[in-house]
Every structure is written in C-alpha cells, then in structure tokens.
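Below is a short briefing on one protein model. Overall dimensions come before individual residues.

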Amino acid sequence: MRVTKAELHQLIQDKIHQAGLSEEQAGIVSDVLTFADARGIHSHGAMRVEYYSERIAKGGITQEPQFKFEKTGPSCGIFEGDNGSGFVAAEKAMDHAIDIAKETGVAVIGVRNISHSGALAYYVERAAEKDMVAVSVCQSDPMVVPFGGSEPFFGTNPIAFAAPSNDERIITFDMATTVQAWGKILHARSRKESIPDTWAVDEQGNPTTDSTKVNALLPIAGAKGYGLMMMVDVLSGVLLGVPFGKHVSSMYHDLSKGRELGQLHIVINPEFFVGLDTFKQTISTMLDELKAVTPSAGFKEVNYPGERGRMREKNYEENGIEIVDDIYQYLISDAIHYNRYDHKNKFAE
C-alpha cells in the first residue's frame, strides 16, 4: 500500500489521538514517525504506532504530562518529561537547547523520565535547520551483549549528529551502537524476512539469521561499539539520575508503567567559534569535495551522511510511501489493540 506523506501523517496523528494524546501531541508524534518513513527508516515509522497506541491507552505514557524545564546553569538544564511522550518532550527540550545556544554558544540539555522518542535524526536536524550543530544520544532497554559477554546489558543506545551547510544540504548521521537497531529486527519480522548472521544472537549466544529467534544484538565493531554504548548510557542515564544499563525498563514489559528513559541534547552555535558563514561554507566545500571522490567498484558516487535518506524522501514524494498492508489496516481501523505487546520482555511479535 502506498500513501502520500500527508496521508500517512494524518493517519498516524488520528490513531495516536484516538489512543489518548491531545491533537497537538499526536501531531508531534506523527511528525517524527512520518519523518522516519519518508527517509526510508521504516523501523522507526508507522510500524511502531500500534505499540505506542497500546502503551498510551494503558497509561504507560502520561496523556497530560506536567512538563517542566529548569535551567541549572547558563548553558545547561533539565527537561522533566513526567513519563510523557518521548517525541514531544525531546522536541520541546531541543527547542530550549537551540534558544540557549543562540545566546551562549552551546547548550547541554538533559531530558529525563520520558518514553521512547523514535529517530534521533529528527531532533538534530531540527537544530541544523536553525544553523546549529547538534548531537543527541539516548538510552534504551538492555538487548545487547557487551563485548566478551553472553547476556544482554546495554541497549542499542543511538547517537545522532547534524550540521548545516550554506545550501539545502544537511549532514545527518544517526546510528545505533549495535550492528543494527532493534527496529530492524522488528521490520524483518513484520515482513517474515531473514537477517544477516552478523546482527544478533539467539538464546544460546550463537549468531542467527532467523529474525524470530533473536535474543540479543551485537555491538558494532566489537569493543568499540561496546565502549560507545556505555558512553551513551553514562550521558543519558547516569548523568540524569535515571536507571542505567540492565536496570533500564523494557520497552514491551508492562505497558501500564512509565519507562523513565533519559536523553541528552548538545547544541553548538558555530557563530561563537569559527563564525556561522565560514562554518557553513566550509561544510559545503567538504561535501563538494566528497562528491568529487572517485567511487569504488559497485558504487555510482560517494554520498554524504543523510543524503540517501533525502533521496528516498524525494522519491516517496513522487511515488508515495510504501506501508505494509497490516500496518495500514491498523491505521485505518477503529481498534486500539491490547496485549499484543504487553509483557514481551525483549521484543514484540
């Protein structure tokens, strides 16, 4: 099933609103999920709506949260999420970070006690569109074996980065600290597809290609990925006083309770360093020089980070976004399903 970006946005917003969030909050959730699908990041798009709807309806996401932002220093602060929608809290916290960085040159904003916030690329691009450089990191539930270990401890703990150029190009880098994000496993399951044997392990700790038998993910580049995911957990967990590592709540276990997740936004204003115009021009020069690099065998050109996602978005604008039929049927239905996701300790079916 193919739908336009506007159609998909409305379908998602309506379903999230039906589940219990206000139209304003549902609109922000839909902004982020539609962004993901439009960039081809389907693991963080519409396929997640049923899960969010069930958690909202069961009270695991506060429907009318008492958000509070407190500056704790000239360039830092804490955004209290009250276990509300992570999408809404993360966006509002990023806007605070942008405003502070405009005045002081840099902002470090912690977002705590929130639910899942989706694709981090959305938030860092929001800053880049305001001529800022941004980094965002967040923790997730334990589903990755540490390097040298056989039991899950850290989450996929993603890192995102964005920077503006002097034209419409934006560098956008968004990665899990695992070989693949858990959403990629869910996406493979929804399509009944196998996965590469370098992504994950089964109950015995052996590599598996069966997406239904995945017990834990593997860190990217072995010990290096393991170190990165620990860094993310320190910055978005320990630093903010929320649960860390194996103590982080499961995404799918007991959807009636809040998750108390943490996220950290770092925003830098280039004007306070090399100067905005010089920075943006140099970024553009860098991108031009990258595009001029001779491609290796099997490649047509060198792409800068984020370029392929924008190419997919342009293609979808012309041809529509493809949505798996059962997801589309859920979006247009009147149902809010229960107990499909609840009490799944490590994954959804």
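The notes below cover the whole chain and then three residues.

This is a predicted model, in which local features need pLDDT of at least 70 and side-chain atom pairs count only at pLDDT 80 or more, while totals for chains, interfaces and linings use all residues. Residues are numbered from 1 along each chain as its sequence is written, and side-chain values use heavy atoms, with hydrogens and water left out.

**Overall fold and size**

- The protein has ten helices and eleven strands; these are DSSP runs numbered from the N terminus, with helices being H or I of at least four residues and strands E of at least two.
- A compact globule of 349 residues would have a radius of gyration near 20 Å, and the protein agrees at 20 Å (taken over C-alpha atoms; the globule rule is 2.2 Å times the number of residues to the power 0.38).
- The C-alpha trace spans about 55 × 50 × 45 Å along its principal axes.
- Of contacts between residues at least 6 apart in sequence, 69% join residues at least 24 apart, where contact means heavy atoms within 4.5 Å.

**Surface and charge**

- Of the 349 residues, 53% count as buried (under 20% relative accessible area; exposed is over 50%, and partly exposed lies in between, with a 1.4 Å probe and protein chains only).
- About 15,600 Å² is exposed, and carbon and sulfur atoms supply 52% of this area (Shrake-Rupley method, 1.4 Å probe; for residues, only the protein chains shown count as cover).
- There are 34 positive and 47 negative side chains, and the centres of the two sets lie 3 Å apart.
- Lys and Arg count as positive and Asp and Glu as negative, without His and the chain ends; each charge is placed at NZ of Lys, CZ of Arg, CG of Asp or CD of Glu.

**Alanine 26**

- Alanine 26 belongs to helix α2 (residues 23-38) and is buried, at a relative accessible area of 0%.
- Leaving aside residues up to four places away in sequence, alanine 26 touches Gln13, Ile16, His17 and Leu21.

**Positive phi at two non-glycine residues**

- Asparagine 113, in strand β4 (residues 106-114), is not a glycine but has a positive phi of about 60°.
- Asparagine 113 counts as buried at 17% relative accessibility.
- The side chains of asparagine 113 and glutamate 80 share a polar contact of 3.1 Å (a pair of N or O atoms within 3.5 Å; within protein, one must be able to donate a hydrogen and the other to accept it, and residues adjacent in sequence count only if both atoms are side-chain atoms).
- Aspartate 254, in the loop between α7 (223-236) and β10 (261-268), has a positive phi near 60° and is buried, with a relative accessible area of 17%.
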